[in-house]
Amino acid sequence: MRKPLIAYIVSAAVLLTAVGLGVSIGSVHVPISTLWNQEADTTATNILWKIRMPRVILAGLVGASLAIAGAAFQGLLKNPLADPYTLGVSSGASVGAVMTLFFGISIPFLGLYTLPVFSMAGAAITMFVVLGFAKLVDRGLNMETIILTGIIFGSFLGSVLSLMIALTGEELRQIIGWLLGSVSMRGWNYINMILPFTIIGSFLLWMNRRELNAMLFGEDRAKHLGVDVKRRKLVILIGGSILTGAAVSVSGTIGFVGLVVPHMTRLLWGSDHRHLLTLSFMNGATLLIICDLLARTIISPTELPVGVITAFIGAPVFAFIFYRQRKGRAA
Amino acid sequence: MLHVQGLTGGYGKEPIVKNVSFHVQPGEILGILGPNGSGKSTLLKMISGILPKQAGTVEIANRNADRYSPKEFARNVAVLPQMHTHAFSHTVRATVELGRYPYQTGLFSSWSAEDEAAVTHAMERTGVTRYENTLIESLSGGEQQRVFVAQALAQQAPLLLLDEPTNHLDIAYQQQLLDTVRSLAVDEGKTVVSVFHDINLAALYCDRLLLMENGEIAKIGLPQDVVREPIIHSVYKAAVKTQAHPELPKPQMTLLPSMNGSGAEPFVVDETQFTVTAGSVQFHAPYSLKTVSSAVHNPGTGWYTTFVNRHVDAAYNCDDVKKEMEEYLEKAGHHLTDTVGMMTAVQTLHAEIATYADEDISIVIAVTAGVGNAVDVSKAIEREVHVGTINTWMIANGRLSDEAFIQAMITATEAKTRALQTENVMDPLTGTQATGTSTDSLLVAATQIGQELPYAGPITPLGKLIGTGVYECTIRAIRTYKEAKGWES
């Protein structure tokens, strides 16, 4: 049990460092000591607590949600290329969220949570449609079949999004900015919006860590080992949809985080979900905080959407995993 | 332990398995056999709960299988799957630990000392402990399968279901795996139900066999009652012959490839095809003949193309006759695995070779005889062993049954003894009538094409030819021998 402990310590240390860098680096340098220094400069304190900190925390929560969801999807589908983005689930969540904005839906009882709830519904519906269709095509749920189905539905939902954007008038700016995938200028409100769902979703997945281990050997095998496959699968899919929907509703579609992080974590610490889920959660937070830091500093003063950075890193990793899988299978 | 009653079901609307009933006792190994598509794997999947049943019941440990919760079921039934490849890899230990999943309760880890002991025991039992921290994907197929056996063992379930467990394994791993399964049944009283592809393996390792045909039970019973030519032939639509296992009382079967178009020219053996030199009598067939002999090289039953009766000096003495014979044959350019070799101190130039034929049956008899060491077998005492002096070959054109081979040997021996009697050959030690010499050899070979020759007793057509042929050839050979030795006839 020594190795996992080291993994947790390293991941936590890297995460804390990322948070530190995230709050301190920017157009205005804010010393980290501002965090605890009562007599610090008011401007610095304001920048740190009103702008940087919520941004870093939001990036962390979004990254963590996407990464743990990706890890669970990959385990469940035995597919290293699965993540909320490649499965088209992010697009589904986007459609749900944009619909809320487009129709100006606000359900009194849900209030602030209207957006994430619709987003999650979009994610969940897409998830089941994609898997249902993939199963129709190929009962064995081949790696390529799932990803191809994800692309088909992702493209379709993308066109639905474009249509809604074309039809919208003054709301356009809000939606476009949101679509590109960004965690900037969101404030504490958004953290309140995502946090409960990140906790619930992650908990649902973590509850199924042992079952995910069993399901790596296939659903039949998991059943032989005593896993209530139908129920556990449903819980995992719902958990993943909650996480994806919540993340998309606050930050738009940020691709590949759910792909890159679990893959790296697995390479470093193995594919035992008892640790993989938690470690992916931590490392996902780290990755998105760093990516967001890059996004706002790399061509400063202009800010890139963070989705650009993750795609820039994620697409080559996607290609690499695909290559390795194919080669591995041929050997 | 396992009671299956009227089980019907399968993938779609049309049931694949129809009204199957059987039961398995604790400690018993039941093998499920059947051609592709006969429903044997489907049956196993229905028992293990992967496929739904349309009718019938499965009772495990006197309780309806449907009443078990998933974890309870896994504590009672462990399944060893066919080999698969996986996208992600666990370590060997993590894989075996999953076998304890049905014993885990609660939200947090509840790993107990019992769990740990079960895992350790399972890994030791299957010999995978030394790979504990290795990723399974880096192991060979056979080793991976052992890890899954360990996983199933960690479940500590009394019923073990196996689906073609030896698929893709080479024979050493097949043996290891099935030996382990066998000992689990014998030593630990586990009940085993296994689907087999290989009829011979199933017959070797199972207590009983269940043969499926079109989703129904074609036959269930002991291996010797199930693995029988007519049954296998009618279920598998394949031509087979059963034979005894060389070491164990288990039936084994072998395929009979249809020889049509094998390219073998029709071939009839006659005496002109024999080559006789001062060194040996040789016969070379264009294809292998089924042979039963008491030769020095390649005795017993087999298929051979080259037959050599070699002349050796009367003073020939060698510690390792077999090895010396091999060296001789190799030197003479014979292929060791295709050749039957005998030896004699008699001049091979004196060999008597003749074809005997009656209507469409024919047989070639070749005899070399010397009676310098004649023995009355009824008065045989310990003698110094000399090189065999009457070597008799019978090469028949036709298809001989197993009993015909044996009858041919009896008939030939009787004819030989009669010839010695006619020639009044005496045992010099006892002064009584000799029945043979001290190390006579016999060889019966047959082309195994053409005429069926089921019997070779003395009054059958073949037996008559053998009787006459061996008698006449032996007499002529003995006379030549006596003349050569300057004895009086």
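Over the ring of which residue does the charged end of B:R63 sit? The ring is that of B:Y68, and the charged end lies 4.4 Å from its centre. A charge counts as sitting over a ring if NZ of Lys or CZ of Arg is within 6 Å of the ring centre and within 35 degrees of the ring normal. B:K71 lies over the face of B:Y101, at 4.8 Å from the ring centre.

The model is predicted: local features need pLDDT of at least 70, side-chain atom pairs count only at pLDDT 80 or more, and totals for chains, interfaces and linings use all residues. Residues are numbered from 1 along each chain as its sequence is written, chains are lettered from A and ligands numbered from 1 in the order in which they are written, and side-chain values use heavy atoms, with hydrogens and water left out.

Chain B is divided into domain 1 (2–255) and domain 2 (271–485). These bounds come from an automatic or database domain assignment. The C-alpha centres of domain 1 and domain 2 of chain B are 52 Å apart.

Chain B meets chain A through 32 residues of chain B and 29 of chain A. Contact here means heavy atoms within 4.5 Å. The two chains bury about 2500 Å² between them, with 60% of it on carbon and sulfur atoms. Buried area is the accessible area (1.4 Å probe) that two parts lose on being put together, summed over both. One salt bridge is counted between chain B and chain A. It joins B:E97 to A:R274, with the closest N and O atoms 3.2 Å apart. A salt bridge requires a side-chain nitrogen of Lys or Arg within 4 Å of a carboxyl oxygen of Asp or Glu. B:E97 and A:R274 belong to a salt-bridge network with A:D272, B:R93, B:E116 and B:E132.

Within that network, B:R93 and B:E116 meet at 3.0 Å, N to O. B:R93 lies in helix α3 (residues 92–97) of chain B and B:E116 in helix α4 (residues 113–126) of chain B, so the pair ties together parts 23 residues apart in sequence. Helices (H or I, at least four residues) and strands (E, at least two) are DSSP runs, numbered from the N terminus. B:R93 is buried at 16% relative accessibility. B:E116 is partly exposed at 30%. Buried means under 20% relative accessible area, exposed over 50%, and partly exposed in between (1.4 Å probe, protein chains only).

Over all chains, the structure holds 26 salt bridges. Among them is A:E211 with A:R232, at 3.1 Å, N to O. A:E211 lies in helix α8 (residues 209–215) of chain A and A:R232 in helix α10 of chain A, so this pair ties together parts 21 residues apart in sequence. Both A:E211 and A:R232 are buried. B:E423 and B:R479 also form a salt bridge (2.9 Å, N to O).

Aromatic pairs number 12 over all chains. Rings of Phe, Tyr and Trp (its six-membered ring) pair if their centres lie within 6.5 Å; planes under 30 degrees apart count as stacked, over 60 as edge-to-face and the rest as tilted. A:F256 and A:F318 pair edge-to-face, with 6.3 Å centre to centre and 70° between the planes. A:F256 is buried at 12% relative accessibility. B:F274 and B:F283 are stacked, with 4.8 Å centre to centre and 20° between the planes. Both B:F274 and B:F283 are buried. Ring pairs link these two with B:F307 and B:W393 into a cluster.
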